[in-house]
Structures are given as C-alpha cells and as structure tokens.
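Here are some exercises to work through with a model open beside you. Try each task yourself before you read its solution.

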Amino acid sequence: MNPLSWNSLFPSEYSMNNYITLLFERGFARNLLNSAIVCIGSVALGLVLSLMAAYALAVLKFPGRNLLFAIVIVGFMVPFEAVAIPLSSLFTDWGLANTFLGLILPGIGNGLAIFNLRQFFLGIPVSYREAAKIDGASEIRILFQIYAPISVPALINTGLLIFLAQWSSYLWPLLMVNTSDMQVAAVSLASTFGERGVDYGQNFAGALMLALVPAILMLVFQRYFAAGSSSSGEK
C-alpha cells in the first residue's frame, strides 16, 4: 500500500501504473462498464417515463391532477436512504439482486426529472396541441412529435440529472450487489481502502476517472441547450 504524502498529489515521476493496475488487475474496467450500462438504461427508461408523466401533469386535465403532482413533489423530497433498506429487501424477494434491472429500476422514477419537464411543458403554447388535435393526432403523437422535439434543453438537463444520480449512487448498489463482477464503479473504488491500508495512487486514479465522465458529458452537451432554446418559441 502506498502511504499518503505530497507525492500522492504532486508526483515527482508520472506513470500509468495505477490506472493499469486498477483497470485491469482489480477489474475496475468492468465496474466502469457496469456503471455505464446502469446509467444508460436509467436515462433511456427514465426519460420516457418522465416525459409521459410530465405531459399528463402539465397538459392533460383530469380529477386529482394537482394532488398527484403534490405527491410527486413530496416523493422526491424524501431521502432515498430512508427507504433503501426495505426496498432492497423487496427487490431481493423479487429475485432482482445482482441484476442490472435491480440497479436500474429505482433510478427511473425520478420526481425531480418529472418536475423539471412539467415546468418546461407549461411554457409551451397550448395552440400547438390544439392544432395537432384538430388534425387528428393522438396524445402520444403530440408528446413525441411536438412536445419532445421542442423540449431538447429540458430533456438534456433531465437526462443529466438521472445520469449523475445513478453514476454517483453508492448505497443502493452496495445493498443490491454482492459479487465483484456486477458491482458499479463507485462502490468498487471504495475497495481501494483495505483493512491493511490504503492505496492512494489507485484511489485517486479511480476518483479522477469517475469525475471525468460527467465532466465530459457536461462539456459535450452544453452546446445543445442554446440550440434547443431557439426552437421553443411560437411561430
């Protein structure tokens, strides 16, 4: 184990040994892939679910809509840690332990994502929907062919919210996974803290890789915000 020193932060010699050891000898590359699978699945399913829920709460009129929205608001204010243990017991009984589905499902029902999209949908002129209804379009078609294309900035923002929540998730994977080949990167990185010491070189290397992924995503997708905003005005 490498002791903590100034050389851990500012090394006198630069080497890729810590990255190579962590990625291939300790299996961190597989853990990064697991995290990517969980995040991509959560974003894909979460965006579809959030889109439909936000459209219903913002556009459709039905009894109890405001009460349902209030429940959504209260729901994302409850700390996930408060329900994680009983929820993990339920998932285990369903046979979802050590599965990608078990890791993905809690991340797709994101109340903050629904709130974010609903607020954006409220700013879209109702004349768009009215014109589409006159042409005989169904609600699903209006959602995915009119509202979704207009809502590119909100969709990117919402997707990033879901991605970051899953990418940095620690407690839920810790409860649901007990095999190293299914574990996600955040939990696997904690294994660099062993009973006999800490390998700070590998720990910092893993932390840098975990931080680079969301940072790169933010840099790549930031240009779409302005492009999506310019298409949201009524023509």
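**Exercise 1. Find which residues of helix H4 are buried, and work out how they are arranged around the axis.**

Step 1. The buried residues of H4 are Arg65, Phe69, Val72 and Ile73. Buried means under 20% relative accessible area, exposed means over 50%, and partly exposed lies in between (1.4 Å probe, protein chains only). Helices (H or I, at least four residues) are DSSP runs, numbered from the N terminus.

Step 2. These buried residues cover an arc of only 100° around the axis, so they sit on the same side of H4. The arc is that of the directions from the helix axis to the C-beta atoms. An α-helix has 3.6 residues a turn, so residues three or four places apart point the same way.

Step 3. Now turn to the other side of H4, where Leu67, Ile71 and Met77 are exposed.

Step 4. Look for the partners: the buried residues of H4 pack against H3 and helix H7 (111-122). Contact means heavy atoms within 4.5 Å.

Before you go on, a word about the model. It is a predicted one, in which local features need pLDDT of at least 70 and side-chain atom pairs count only at pLDDT 80 or more, while totals for chains, interfaces and linings use all residues. Residues are numbered from 1 along each chain as its sequence is written, and side-chain values use heavy atoms, with hydrogens and water left out.

**Exercise 2. Compare the span of helix H9 with its expected span, then locate its buried face.**

Step 1. The expected span of a helix is 1.5 Å times one less than its number of residues. For the twelve residues of H9 this gives 16 Å, and the end C-alpha atoms are 15 Å apart, which agrees.

Step 2. Ile142, Leu143, Tyr147, Ala148 and Ile150 are the buried residues of H9. Seen down the axis, they fall within an arc of 145°, so they line one face of the helix.

**Exercise 3. Trace the salt bridges of Glu139.**

Step 1. A salt bridge is a side-chain nitrogen of Lys or Arg within 4 Å of a carboxyl oxygen of Asp or Glu. The whole structure has two of them.

Step 2. Glu139 pairs with Arg129, with the closest N and O atoms 2.6 Å apart. Glu139 lies in helix H9 and Arg129 in helix H8 (residues 126-134), so the pair ties together parts that are ten residues apart in sequence.

Step 3. Glu139 also pairs with Lys133, where the closest N and O atoms are 3.3 Å apart. Arg129, Lys133 and Glu139 are thus linked in a network of salt bridges.

Step 4. Check the surroundings: Glu139 is partly exposed at 22% relative accessible area, and Lys133 is partly exposed at 39%.

**Exercise 4. Describe the surroundings of Ala54.**

Step 1. Ala54 is in helix H3 and counts as buried, with 0% relative accessibility.

Step 2. Leaving aside neighbours within four places in sequence, Ala54 is in contact with Ile114, Leu117, Arg118 and Phe121.

Step 3. Take Leu117 from that list: Ala54 and Leu117 are 63 residues apart in sequence, yet 5.7 Å apart in space, C-alpha to C-alpha.

Technical notes
Helix = DSSP H or I, 4+ residues; strand = E, 2+ residues; numbered from the N terminus.
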